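Here are my notes for you on this one. Keep the structure open and go through the points in order.

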Amino acid sequence: MSPESTGQNEHYLRVFWRRFRTWRGNRPFWAGLFTIVGGLPIAYFPYANMHLGNVTLAMSTTAGAGSLIIGILLITLGLTMWFHHIVRVFAGVAAILLALISIPVANIGGFLVGFLFALLGGALSISWAPGEPTPDAGPAGTAVEKSVPGTQESGPEFHSTAAVPQQPEQYDTTVEVDGGRYRAG
């Protein structure tokens with residue numbers, strides 16, 4: 001073993017944090033977290049009791065079962081966003097619909113706290129897209145030279161088998177047969 005080898009003497013918390021960041025970056029993590037946090041107050045508030053001195057206020061309503069179902073479904077959708085991110089659009093749309101349904105059913109959507117978090121989580125889930133890998137290396141693992149067209153670089157020329165990036169074609173400015181106007185039919 002070389003004294004410069006890395007990874008062997010790293011602290012386990014640093015390794016865990018690095019793996020967690022990699023896991024978090026490959027899925028709509030914040031969307032799932034906001035959806036889960038939005039489901040908790042929607043499910044909790046109808047069954048909670050608030051104590052003001054010697055007075056106990058019971059917030060339980062006739063819609064307690066409906067808000068419990070909505071809250072559990074939102075938590076399930078948040079976990080689905082984390083562990084099955086391929087259905088993120090469905091989970092996001094379902095989270096937004098459940099957040100909207102929670103306004104009349106579950107104490108104004110968990111006193112607007114759960115509604116706003118679930119709405120934000122659903123919107124983040126719909127808008128999330130997996131990242132594209134960057135073309136840092138060529139087919140054989142060698143670095144591909146990136147050059148800006150129209151600039152002259154000094155030094156030795158490097159020839160590689162990678163495709164040369166081409167300029168996008170400009171729009172055709174010729175006049176069409178009917179003067180560039182479109183007609184239906």
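1. Let's start with the outside. The accessible surface of the protein adds up to about 14200 Å², and carbon and sulfur atoms account for 63% of that area. Keep in mind that you're looking at a predicted model, so treat every value here as computed from that model.

2. Next, the overall layout. The protein has six helices and two strands. If you walk along the sequence, you'll meet them in the pattern α-α-β-β-α-α-α-α. Out of 185 residues, 24% count as buried. Take the contacts between residues at least 6 apart in sequence: 64% of them join residues at least 24 apart.

3. Now find the two strands. E1 covers residues 49–52 and E2 covers residues 55–58, and they pair in the antiparallel sense over four bridges. Together they make a hairpin with two residues between the strands. Which residue in E2 is the bridge partner of Leu52? That's Val55. In the turn, have a look at Gly53, which has a positive phi of about 70°.

4. Time to go inside. The largest nonpolar core has 14 residues. Those with the most contacts inside it are Ile42, Ile70, Leu74, Leu77, Met81, Ala95 and Leu98. Four helices give two or more residues each to this core: H2 (29–44), H3 (64–83), H4 and H6. Of these, H4 gives the most, with five residues. As a bit of background, nonpolar side chains in soluble globular proteins tend to be buried together.

5. Leu74 is a good place to zoom in, as it's on the list of core residues with the most contacts. Which residues does Leu74 touch, leaving aside its neighbours within four places in sequence? You'll find Thr35, Ile36, Gly38, Gly39, Ile42, Ala95, Leu98 and Ala118.

6. Then move to Ser67, which sits in helix H3. Is Ser67 buried or exposed? Its relative accessibility is 0%, so it counts as buried. Leaving aside neighbours within four places in sequence, Ser67 is in contact with Ile42, Ala43, Pro46, Val105 and Ala106.

7. Back to the surface, where there's a nonpolar patch to look at. Val89, Val93, Leu97, Leu100, Ile103, Ile108, Leu112, Leu116 and Ile126 make it up, and together they have about 740 Å² of accessible area. Helix H4 (88–105) and helix H6 (113–127) each supply at least two of its residues, with Leu116 being one that lies in H6. The largest share, five residues, comes from H4. So you've now met H4 twice: it supplies five residues to the patch and five to the core.

8. Finally, check the backbone angles in helix H5, which spans residues 107–111. Asn107 belongs to this helix and has a positive phi of about 50°, although it isn't a glycine. Ile108 is found in H5 too, and it has a positive phi of about 55° without being a glycine. How do the two compare in burial? Asn107 has 16% relative accessibility, so it counts as buried. Ile108 has 49%, so it counts as partly exposed. You've seen Ile108 before, as one of the residues in the nonpolar patch.

Notes. Residues are numbered from 1 along each chain as its sequence is written. This is a predicted model: local features need pLDDT of at least 70, side-chain atom pairs count only at pLDDT 80 or more; totals for chains, interfaces and linings use all residues. Side-chain values use heavy atoms; hydrogens and water are left out. Patches are made of residues with over 30% relative accessible area and no salt bridge: like charges are joined within 9 Å, nonpolar side chains (Val, Leu, Ile, Met, Phe, Trp, Tyr) within 5 Å. Accessible areas come from the Shrake-Rupley method with a 1.4 Å probe; for residues, only the protein chains shown count as cover. A salt bridge is a side-chain nitrogen of Lys or Arg within 4 Å of a carboxyl oxygen of Asp or Glu. A nonpolar core is a set of buried Ala, Val, Leu, Ile, Met, Phe, Trp, Tyr and Cys residues joined through side-chain atoms within 4.5 Å. Buried means under 20% relative accessible area, exposed over 50%, partly exposed in between (1.4 Å probe, protein chains only). Contact means heavy atoms within 4.5 Å. Two strands pair if DSSP finds at least two bridges between them.
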